[in-house]
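Student: I'd like to go through this protein and ask where the labels come from. Can we take it term by term?

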Amino acid sequence: MGNLQRLAQILRQITVEPVLFTYMFCIFLSFPVLQQLAFKKICHENFNETVCTNIRHKDFTTQNEQVASATSQWILYQSIGLAIPSIFASLVFGSWSDRVGRRIVMILPPVGGLLLNINYLLNVHFFLLNVNYLLFGIIISGFFGGFATVLLSVFAYISDISSKTERTLRVGLLEAMLFFGATISNLVGGVLLEYSGFMAPFGLALALNICIMLYICFILQESYHPPDRYEGGWSLIVLHEHFKNGVDVICKKRSGSNRLHLNILLFIVFTINLLGKDLGFRIGAYYCFIMQINPYPDTNFYSNICDETACINK
């Protein structure tokens, strides 16, 4: 009984960890597969079926480099299409969560992820659609807050429910969900794509986003109840006010050079993710390594991403 009580106590401590783990799983499951989908779409838009089927053959080296270069350029557009709306949305939603609570804001990125993966599935089904139709889902997902809003909402939730003595541990455990979700999804995504095609990883990501929404709606308890003066603050019409509140956090006067340090860090993070395509580099390096030590029967998935990464490095 003692062990069961301890297990029950541990389970009662679980709050937003499944949200962050599952959302990160979905992101790192779909993004590398998206890059491969873009590669194949771009190839079919510019070359015939014979070239695209044998793109890795030495006779088609020039065509392979052209497609890889175009895919790398498209990945940059994808990064911009997701990053810029997410930044502005997170500035608004961060302030809005102080008026309506954390759960309402937390559920928005999974809704965006749901619409995003529906877009991916439609682009797989109607494969001959132009590759840029994929950007519609990405931009829509960005306006729902994306990764930035998930982070601000879950960490705000943990800050609400934890005491100062346990907050460091709770935040550390929550941050670990980032890496667990990313690592496991990287292992799963390649296998699903190799043996089930594009529909399987995108369909799994869609289903998991629905699970996140259901968990937030029916299981997760609200951590923050706005003061009476914020009653009726559900309206997002006054966007300028929420945006101003978000900007005030960045521009607020702080002791010493803390404001300067904060803005430098924000600029570095923005530059790495937008211009450096940090996600693409890490995924590309990971798959290049895996391809060398344990290739699947068809290594196009890995080798194409390696080509894209190498092309970006040129």
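What follows is a talk about the labels and the values behind them.

Tutor: Sure, with some ground rules. This is a predicted model, where local features need pLDDT of at least 70 and side-chain atom pairs count only at pLDDT 80 or more, while totals for chains, interfaces and linings use all residues. Residues are numbered from 1 along each chain as its sequence is written, and side-chain values use heavy atoms, with hydrogens and water left out.

Student: What is the mean pLDDT of the protein?

Tutor: The mean is 80, and 76% of the residues reach 70 or more; pLDDT is the predictor's confidence in each residue, from 0 to 100. Over residues 276-314 the value is below 50. Beyond near neighbours in sequence, that stretch has 77 contacts in the model, a contact being heavy atoms within 4.5 Å.

Student: How many helices and strands are there?

Tutor: There are 13 helices and zero strands. Both are DSSP runs numbered from the N terminus: H or I and at least four residues for a helix, E and at least two for a strand. As for contacts with a separation of 6 or more, 82% are between residues 24 or more positions apart.

Student: Why is Glu17 called buried?

Tutor: Buried means under 20% relative accessible area, exposed means over 50%, and partly exposed is in between (1.4 Å probe, protein chains only). Glu17 has 10% relative accessibility, so it counts as buried. Of the 314 residues of the protein, 43% get that label.

Student: What does the side chain of Glu17 make a polar contact with?

Tutor: The side chain of Arg170, at 3.3 Å. A polar contact is a pair of N or O atoms within 3.5 Å; within protein, one must be able to donate a hydrogen and the other to accept it, and residues adjacent in sequence count only if both atoms are side-chain atoms. Glu17 is in helix α2 (residues 17-46), and not counting residues up to four places away in sequence, it touches Ile158, Arg170, Leu174 and Met177.

Student: And Asn123, is that one buried or exposed?

Tutor: Buried, because its relative accessible area is 2%. Asn123 lies in helix α5 (residues 102-125). Leaving aside neighbours within four places in sequence, Asn123 is in contact with Lys41, Leu129, Asn130, Tyr133 and Leu134. Lys41 is 82 residues away along the chain, yet the two C-alpha atoms are separated by 9.5 Å.

Student: What makes Phe143 exposed?

Tutor: Its relative accessible area is 55%, so Phe143 gets the exposed label. Phe143 sits in helix α6 (residues 134-143) and, neighbours within four places aside, is in contact with Pro85, Ala89 and Phe93.

Student: How do you know that His225 is exposed?

Tutor: Because the relative accessible area of His225 is 62%. His225 lies in the loop between α9 (199-218) and α10 (239-251). The C-alpha atoms of His225 and Asp160 are separated by 9.9 Å, with their positions 65 residues apart along the chain.

Student: Now the helix pairs. Why is α4 called roughly parallel to α7?

Tutor: Helix α4 (residues 61-100) and helix α7 (residues 146-161) pack at about 25 degrees, with axes 7 Å apart. Therefore α4 is roughly parallel to α7: angles under 35 degrees count as roughly parallel, over 145 as roughly antiparallel, 65 to 115 as roughly perpendicular and the rest as oblique. Axes are lines fitted to C-alpha atoms, for helices over the stretch in contact, and angles run from 0 to 180 degrees between N-to-C directions.

Student: Which residues of α4 and α7 meet?

Tutor: Ser86, Ala89, Ser90, Phe93 and Gly94 in α4 meet Gly146, Ala148, Thr149 and Leu152 in α7.

Student: Why are α4 and α5 called oblique?

Tutor: They pack at about 140 degrees, with axes 7 Å apart, and so the pair is oblique. Among the residues in that contact are Trp96 of α4 and Leu108 of α5.

Student: What makes α5 and α7 roughly antiparallel?

Tutor: Their angle is about 150 degrees, with axes 8 Å apart, and so α5 is roughly antiparallel to α7. The contact includes Met106 and Pro109 of α5 and Val150 and Tyr157 of α7.
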